[in-house]
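Work through the exercises below with the sequence and the coordinates open beside you. Each task is followed by a solution in steps.

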Amino acid sequence: MNILCNLCPRNCLVNRNKKLGYCNAPNKIKISLASLHHWEEPCISMNNGSGTIFFTHCNLKCVYCQNSKISTDGVGKEISISKFADICLSLQAKGAHNINLVTPTMYAPLIIKGIKLAKSKGLIIPIIYNTSSYENIDTIKKLKGIIDIYLADFKYFDNDYAVKYSAAPNYKEVTKLAIDEMYKQVGKNVFDEEGLMIRGIIVRHLILPDLYDDAKKIIEYLYETYNDNIYLSIMNQYTPINYNPKFPSLNNKIPEQEYNNIINFACDLGIKKAFIQEKGTCSLSFIPDFNTDNI
Ligand code: SF4
């Protein structure tokens with residue numbers, strides 16, 4: 001890990017052995033949960049589930065985060081690189097279809113070492129990098145050859161929203177560059193004969209209350225740039241958790257009509273490769289219980 005941390009666009013330039021940066025992440029891998037997860041896109045979860053490892057802390061820290069217990073409160077355990085490799089192998093032994101690294105940015109160099117170690121001990125399933133896309137291009141470049149699948153958010157097109165909800169004034173530009181590099185690395189999506197994704201990129205957009213035009217701009221940009229060479233995942237599962245009087249609209253769910261309008265917009269553009277969600281995906285029951293007892 002660099003002595004002065006510049007792993008993400010926050011560019012804190014702190015020595016994380018001595019001082020914490022914006023994300024509060026330590027200089028060791030810290031995780032909050034490792035388990036089989038069944039609620040990713042079907043080509044990721046399949047029958048057995050995705051071997052999901054949730055990393056503690058976050059470099060974006062959106063005010064509406066559904067996992068604030070780990071992203072902001074920092075509930076998790078520090079582990080060694082070899083323990084991380086063992087966890088990957090144990091998820092594979094449990095039947096995981098892939099290793100799904102959720103919010104890994106702050107630990108990227110340590111994760112690269114851990115994945116190499118796990119591969120040397122027999123890890124063969126695809127590795128997924130599941131990110132907010134608030135990434136430094138150099139960090140993504142170092143993942144070449146390590147990551148098979150990118151699950152990349154595109155959260156805001158208008159940076160005013162990125163400032164308001166994530167204190168990230170350059171989110172759009174950074175995300176465009178990051179997704180471009182991801183696409184260069186993994187190219188068009190590849191599936192095995194069972195329909196399991198083994199390589200490629202899915203760009204996710206979680207629709208936020210009142211940001212319906214912003215959602216359409218993201219969808220339009222992605223289709224104009226990548227056509228059907230990537231998959232989109234257009235998500236309606238936003239779940240209001242803590243009422244914050246500073247952001248009253250965040251207390252609303254996504255109306256079905258607004259979601260349908262956005263899906264129709266995507267269809268009218270000609271998009272054929274997209275995942276959409278059914279009614280009922282907005283629920284607290286989809287938020288994992290971050291219990292570190294089994295780590
Ligand atoms: S990973 Fe954390 S410490 Fe490093 S630049 Fe990003 S926010 Fe700052």
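**Exercise 1: the ligand shell**

Task: list the residues around the ligand and sort them by class.

Solution. With a residue taken as near when one of its heavy atoms lies within 4 Å of the molecule, the residues around the ligand are Cys5, Leu7, Cys8, Arg10, Asn11, Cys12, Arg16, Gly21, Tyr22, Cys23 and Met106. Next, sort this shell by class, where Ala, Val, Leu, Ile, Met, Phe, Trp, Tyr, Cys and Pro count as nonpolar, Asp, Glu, Lys and Arg as charged, and the others, Gly among them, as polar; the result is 7 nonpolar, 2 polar and 2 charged residues.

The model is a predicted one, in which local features need pLDDT of at least 70 and side-chain atom pairs count only at pLDDT 80 or more, while totals for chains, interfaces and linings use all residues. Residues are numbered from 1 along each chain as its sequence is written, and side-chain values use heavy atoms, with hydrogens and water left out.

**Exercise 2: a shell residue with positive phi**

Task: locate Asn11 and state its exposure.

Solution. Asn11 is placed in the segment before β1 (29–37), a strand being a DSSP run of E with at least two residues and a helix a run of H or I with at least four, numbered from the N terminus. Although Asn11 is not a glycine, its phi is positive, about 45°. Its relative accessible area of 38% makes Asn11 partly exposed, that is, between buried (under 20%) and exposed (over 50%), computed with a 1.4 Å probe on protein chains only.

**Exercise 3: the nonpolar cores**

Task: which residues touch the most other members of the largest nonpolar core, and which helix gives the most to it?

Solution. A nonpolar core is a set of buried Ala, Val, Leu, Ile, Met, Phe, Trp, Tyr and Cys residues joined through side-chain atoms within 4.5 Å. Among the 76 residues of the largest one, Ile53 and Phe84 touch the most other members. Helix α8 (residues 212–226) contributes the most, namely 8 residues. A second, separate core has 9 residues, including Ile44, Ile128, Leu151 and Ile202.

**Exercise 4: the surroundings of Ile112**

Task: is Ile112 buried or exposed, and which residues does it contact?

Solution. Ile112, found in helix α4 (residues 108–120), is buried, with a relative accessible area of 13%. Leaving aside neighbours within four places in sequence, Ile112 is in contact (heavy atoms within 4.5 Å) with Lys142, Leu143 and Ile146. By C-alpha atoms, Ile112 and Gly195 are separated by 27 Å, and they are 83 residues apart along the chain.
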